[in-house]
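Subject: Structure handover

Hello,

Here is the structure I said I would pass on. My notes on it follow below.

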Amino acid sequence: MGRKTLFVQLTIIVILLFVAMIGCKEQTATPEELSQMNKDFAKALNEKDAEAASLLYAEDASLLPPNESICTGRENIKKYWQGAIDAGTTNVSVSTISTGSDGDLGYEIGRFELSYPGPDGKMIMEKGKYTEILKRTDDGKWISIYGIWNSDPSSSEQ
């Protein structure tokens, strides 16, 4: 084999290795990408669309609601959020505190506010915090695999 042929082959190998390294590099998600799931979630609840809310979760995702059993599976999650909608949940808003990712896994920590009718029919505003563990789908969208939240203590409990 001549020197020229060896040089061409080595050059091709180096180029292929470089291309492979670029292709394998894990992408870090932006805070905007990681917080989009919960923005879409709040919008879905405000539009009273449990189906749209459930599609923001992986097929085998789990909710860990406060003082309730774990809710696993997209269909059960849809039923859970439909129950919240039917109970009068409204004015849902979220704000991101922090995010992070490593490859196709990420998280979002944030705060929420929502309203629902109390036993006397008067609207109660609830504030709290949440954590979502997210995974990136094949199409680049971030969906929840685990969601947990809890309410802040009421002002009378502080």
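Helix H4 (residues 74-86) lies across E1, E2 and E6, and its direction makes an angle of about 50° with E1. Keep in mind that this is a predicted model. Another helix, H2 (residues 31-46), lies across E1, E3, strand E4 (105-117), strand E5 (123-136) and E6. The angle between H2 and E3 is about 160°.

The strands that these helices lie across belong to an open sheet of 6 strands with mixed pairing, in the order E2-E1-E6-E5-E4-E3. Strand E2 (71-72) and strand E3 (90-102) each have a single partner strand because they stand at the edges, so one side of each has no neighbour in the sheet. Further in, strand E1 (residues 57-64) and strand E6 (residues 142-151) run parallel and are joined by 4 bridges. As for individual residues, Ser-62 has Tyr-146 in E6 as its bridge partner.

Then there is the question of empty space. How much space lies in the largest pocket? The value is about 430 Å³. The largest pocket is lined by 22 residues, and the closest to its centre are Tyr-80, Trp-81, Phe-112, Leu-114 and Trp-149. H2, H4, E3, E4, E5 and E6 are the elements that each give two or more residues to this lining. Sorted by class, the lining of the largest pocket consists of 16 nonpolar, 3 polar and 3 charged residues.

Regards

Technical notes:
Residues numbered from 1 in each chain as written. Predicted model: local features only at pLDDT ≥ 70, side-chain atom pairs only at ≥ 80, totals over all residues. Heavy atoms only, no water. Pairing = 2+ DSSP bridges. Contact = heavy atoms within 4.5 Å. Axes fitted to C-alpha atoms, helices over the stretch in contact; angles between N-to-C directions. 1 Å grid on protein atoms, 1.4 Å probe; cavity = no way out; pocket = protein on both sides within 12 Å on 5 of 7 lines; lining within 4 Å. Points joined across faces, edges and corners; volume = space filled by probe spheres on them. Nonpolar A, V, L, I, M, F, W, Y, C, P; charged D, E, K, R; others polar.
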